[in-house]
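Please open the model in your viewer and keep the selection panel at hand. The tour proceeds by selection, and each stop states what is to be found there.

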Amino acid sequence: MRKFLSTMLMMTVALAANSQNTYYWVGGLNPTAIQSNANWNTNQDGSGTARAGSNNPDILIFSGTNVGGSTPTTGLVSGPIDGGMSCAQIKFINGANVRLGRTNSGTGTLNILGDGDASTEDFVIESGCSLLIQSATSSLRFAMAAANKGRVSGNMSMILPNQARIDNTTAGTGTIRFTSGSSFTSEITGASSYAFGSSTQSASRWVIFEAGSHLYYNGGNSPHGSGSNFSAIDMQPGSVWHHRG
C-alpha cells in the first residue's frame, strides 16, 4: 500500500509539472491585447511554442532583455488586458518596464492562481523593473489566491481615475513584501477603490513594507484600505511613507 501511494504521489507531481509551462512575453512594445496567446512563447526569441490558453496555470515572464521575440526589442511594453486572464505566476525580470491598462469599459482581471508550492513567489517585480497600472477609461484588478506570496524589489504604481487593486481574499494567508530599495506609488481616485483591497477584499496587514522601502501617496483613496480597525498594509520600522496627496 505504501509503495502504491508513493507511486501515485509521484504521478500526480509529474502531471502537475507537465500542465504548467513557462512563457516569455514576445508581443512587442505596443500590443493590442496582453492576454493574446500568440504574444507568449516558451522561448524568449519566439522560436518555441505559443501559449495554449489565456487561463492556463502557466508562469508568465516579462524580461527586459527582449520583449519582441524573433526581433530583439527593448523598452516600455504598454498594452491592455481587455477581459479575463489567469496564470500561476507572473514575474518582471531583467529591467522589464511594463504599463498595463484597458481600452474598453469594465474591469480587466488578472487571476494569479499560484503553483501550489507555499515556498515560491507567485508575483515578482525584481530590482530595476517597473510595473505601472494606468487606464483613463476603465479598471484593473490583480486577484491573488489566498496563500500566494509576492515580492516587489523594483517599482510598482497605480495611477488612474478609476479603480485598481491587488487583493488576496479576506481569508488570505500569503503576503506581498516590498523589500529595501523598492517603491509603490498610489493615486487611485475611483470611488471606493484601494490599492491593496478593503476589509471585504483582503486580509489585514498582508502587504509588508520592509525597512528601506518607500510608499508614495499622491492622493485619492488610501493604500490602507477601508473598514473598522483594518489596514491592508504593514509599514515596518525603517520604511517611509511619503504623503503628497
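The stops below pass from model confidence to strands, rings, polar contacts and backbone angles.

**Conventions and confidence**

This is a predicted model, in which local features need pLDDT of at least 70 and side-chain atom pairs count only at pLDDT 80 or more, while totals for chains, interfaces and linings use all residues. Residues are numbered from 1 along each chain as its sequence is written, and side-chain values use heavy atoms, with hydrogens and water left out.

Colour the chain by pLDDT, the predictor's confidence in each residue on a scale from 0 to 100. The average for the chain is 92, and 92% of the residues score at least 70. Now select residues 1-18: here the pLDDT is below 50, and the stretch has zero contacts in the model beyond near neighbours in sequence; contact means heavy atoms within 4.5 Å. Where pLDDT is low, predicted coordinates should not be read in detail.

**The seven-stranded sheet**

Switch to a cartoon view; strands are DSSP runs (E, at least two residues), numbered from the N terminus. Two strands pair if DSSP finds at least two bridges between them. Select S4, S7, S10, S13, S16, S18 and S20: in that order they form an open sheet of seven strands with parallel pairing. Its edge strands are S4 (76-80) and S20 (240-243), each of which pairs on one side only. On average, neighbouring strands of this sheet are turned by 15° against each other, direction ignored; the axes behind this angle are lines fitted to C-alpha atoms.

At the S4 edge, add S7 (residues 97-101), which runs parallel to S4 and is joined to it by five bridges. Proline 80 has glycine 101 in S7 as its bridge partner.

**Strands S5, S8 and S11**

Next, select S5 (residues 84-87) and S8 (residues 107-112), a parallel pair joined by four bridges. Methionine 85 has leucine 110 in S8 as its bridge partner. Extend the selection to S11 (residues 139-144), which runs parallel to S8 and shares six bridges with it. There, isoleucine 112 is matched with methionine 144 in S11.

**Aromatic rings**

Display the Phe, Tyr and Trp side chains. Rings (for Trp, the six-membered one) pair if their centres lie within 6.5 Å; planes under 30 degrees apart count as stacked, over 60 as edge-to-face and the rest as tilted. The whole structure contains 11 aromatic pairs by this search.

Centre on tryptophan 40 and phenylalanine 62, an edge-to-face pair at 5.1 Å centre to centre with 75° between the planes. Because tryptophan 40 lies in strand S2 and phenylalanine 62 in strand S3, the pair ties together parts that are 22 residues apart in sequence. Both tryptophan 40 and phenylalanine 62 are buried; relative accessible area under 20% is buried, over 50% exposed and in between partly exposed (1.4 Å probe, protein chains only). Add Trp25 and Phe92 to see the cluster that ring pairs form with Trp40 and Phe62.

**Polar contacts around the S2-S3 loop**

Which residues does threonine 42 contact, leaving aside its neighbours within four places in sequence? They are Thr22, Tyr23, Tyr24, Gly48 and Thr49. Threonine 42 lies in the loop between S2 (40-41) and S3 (59-63) and is partly exposed, at 28% relative accessibility. A polar atom of its side chain lies 2.8 Å from the backbone nitrogen of threonine 49.

Move to aspartate 58, found in the loop between S2 and S3. Aspartate 58 counts as buried, at 1% relative accessibility, and its side chain reaches the backbone nitrogen of asparagine 21 at 3.3 Å.

**Positive phi angles**

Select serine 192 in the loop between S16 (183-188) and S17 (207-209). Its phi is positive, about 50°, although serine 192 is not a glycine. This residue is exposed, with a relative accessible area of 56%.

Finally, select asparagine 229 in the loop between S18 (214-220) and S19 (233-235). Asparagine 229, a residue other than glycine, has a positive phi near 55° and is exposed, with a relative accessible area of 83%.

Note on methods. A polar contact is a pair of N or O atoms within 3.5 Å; within protein, one must be able to donate a hydrogen and the other to accept it, and residues adjacent in sequence count only if both atoms are side-chain atoms. Axes are lines fitted to C-alpha atoms, for helices over the stretch in contact, and angles run from 0 to 180 degrees between N-to-C directions.
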